[in-house]
Amino acid sequence: MPHPAAAAPQNFLFTNSEDLPAQGPLLSRTDIAGAQVVYTWKSLETAKDQYDFSQIERDLEFLSRLDRKLFIQIQDRFFEVKHRNLPAYLLTEPIYRGGLVAQADNPGENLPEGHGWVTEQWNPAVRARFQKLLSALARKFDGRVWGINLPESSADIDQKNDRTGFTCDGYFEAALENIGHARKVFEKSHVVQYANFWPCEWEDDHHYMSRTFEFAQQHHIGLGGPDIVPYKKAQMKNSYPFFNRYKGKLSLVAMAVQEPTLTYTNPETKKPFTRDEFVAFAQDYLGVDVIFWSSTSPWLRDAP
């Protein structure tokens, strides 16, 4: 339920399942509350209607022994061309139209377009399968995992050459339908949508961002994002002002400091942002309740 964002953010480690056991020493720290672990759709649904949640079970057992919480991220987009991590049936059965569409970045003339993939959630057949996965996860883990989040809203799709039926409105509406479904089936665990940018939008000119925050507040859905970068101009034109406006009004605000985030420098000091600078902006401006930290963050990496 909505609450004042007064307390300091809880610290979680951001990691993957393979690396989790090696993070035992960091997770044993008294200032670490748990781990956010990323799971691809392919790893959870090995074939149509054949779910394998043993990875989550192992991670939950490991964290439970340490008295730490598990936050799961269900990954439906991938940032390398070789990563097509959907179940094979989604890539091959005609009704799913290939399942994935390239994320286009137009790197230059005569260079290959795109560096990753986005799942075609705007295809109702694909979306139905994704929601079936969420339902299966909820039956097994609602109340056992501390939270679940869906990944960033940002996507860079080559609309001129699209053959999948992508529209800006369709993409947006599919995302809200998915997170609404997650909230419906996960009645006990926190449910969070990462909202950083929306395709086709800048400064809320399609009212996607404003509608996202309204929807989240109305349905007790948390929001967040993959990057805390203090006052970064692009984010200040998109999600950040809404987090500020909705401080204390959302069920949870959970944001990350991942490896790319650590590369940014403070324009005033000309040095990388410090832990204190990340936390101050997260707490005071964004109203963040939980920060998912990369284990390469200097305050963790260099700890004795």
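This dialogue goes through a few features of a predicted model.

Student: Let us begin with the small sheet. What is the order of its three strands, and is the pairing parallel or antiparallel?

Tutor: Strands of a sheet pair through backbone hydrogen bonds, either parallel or antiparallel. Here the open sheet has three strands in the order β6-β8-β7, and the pairing is antiparallel. β6 (77–78) and β7 (100–103) stand at the edges with a single partner strand each, so one side of each has no neighbour in the sheet.

Student: How many bridges join β6 to β8, and how many pair β7 with β8?

Tutor: Two bridges join β6 to β8 (residues 116–119), and one bridge pair is Phe78 with Trp117 of β8. β7 and β8 are paired over four bridges; Leu100 has Thr119 of β8 as its bridge partner.

Student: Which residues of β8 point one way, and which the other?

Tutor: In a regular strand the side chains alternate between the two faces of the sheet. In β8, Gly116 and Val118 point one way, while Trp117 and Thr119 point the other way. All of these residues are buried.

Student: Next, helix α5. What span should its 18 residues have?

Tutor: The rise is 1.5 Å a residue, so helix α5 (residues 124–141) should span 26 Å. Its end C-alpha atoms are 25 Å apart, which agrees with that value.

Student: Is α5 mostly covered or mostly uncovered, and what is found at its start?

Tutor: α5 is mostly covered, with 13 of its 18 residues buried. At the start of the helix, a side-chain oxygen of Asn123 comes within 2.9 Å of the backbone nitrogen of Ala125. Just after α5, Gly143 has a positive phi of about 85 degrees.

Student: Now the salt bridges. How many does a search of the whole structure find?

Tutor: Side chains of opposite charge can pair when their charged atoms come close. The search of this structure finds 12 salt bridges. One of them is between the side chains of Asp49 and Lys132, at 3.0 Å from N to O. Asp49 lies in the loop between β3 (45–47) and β4 (50–51) and Lys132 lies in helix α5, so the pair ties together parts that are 83 residues apart in sequence.

Student: Are Asp49 and Lys132 buried or exposed?

Tutor: Neither extreme applies: Asp49 is partly exposed, with a relative accessible area of 38%, and Lys132 counts as partly exposed at 38% relative accessibility.

Student: Which residue does Glu57 meet in a salt bridge?

Tutor: The side chain of Glu57 meets that of Arg144, with an N to O distance of 2.8 Å. This pair also links distant parts of the chain: Glu57 is in helix α3 and Arg144 is in the loop between α5 and β9 (147–150), 87 residues apart. Glu57 is partly exposed, with a relative accessible area of 24%, and Arg144 is partly exposed at 40%.

Student: How many residues apart are Glu61 and Arg65?

Tutor: Four: both lie in helix α3, about one turn of the helix apart. Their salt bridge has its closest N and O atoms 3.7 Å apart. Glu61 and Arg65 are both exposed. Elsewhere, salt bridges that share partners join Glu45, Asp49, Arg129 and Lys132 into one network.

Student: What is the nearest side chain of opposite charge to Asp59, which has no salt bridge?

Tutor: Asp59 is found in helix α3 (residues 54–65). Asp59 is buried, and the nearest side chain of opposite charge is Arg58, 5.6 Å away. A salt bridge needs the nitrogen and the carboxyl oxygen within 4 Å. Asp59 does have a polar contact of 2.7 Å with the side chain of Tyr39. Beyond four places in sequence, Asp59 touches Ser17, Leu20, Val37, Tyr39 and Leu70.

Student: Last, Asn178. Is it buried or exposed, and which side chains does its side chain contact?

Tutor: Asn178 is in helix α6 (residues 168–185) and is buried, with a relative accessible area of 3%. Its side chain makes a polar contact with the side chain of Gln121 at 3.1 Å, and another with the side chain of Gln131 at 3.0 Å. Leaving aside neighbours within four places in sequence, the contacts of Asn178 include Arg127, Phe130, Leu134 and Leu150.

Technical notes. Residues are numbered from 1 along each chain as its sequence is written. This is a predicted model: local features need pLDDT of at least 70, side-chain atom pairs count only at pLDDT 80 or more; totals for chains, interfaces and linings use all residues. Side-chain values use heavy atoms; hydrogens and water are left out. Buried means under 20% relative accessible area, exposed over 50%, partly exposed in between (1.4 Å probe, protein chains only). Lys and Arg count as positive and Asp and Glu as negative; His and the chain ends are not counted. A polar contact is a pair of N or O atoms within 3.5 Å; within protein, one must be able to donate a hydrogen and the other to accept it, and residues adjacent in sequence count only if both atoms are side-chain atoms. Contact means heavy atoms within 4.5 Å. Two strands pair if DSSP finds at least two bridges between them. The expected span of a helix is 1.5 Å times one less than its number of residues.
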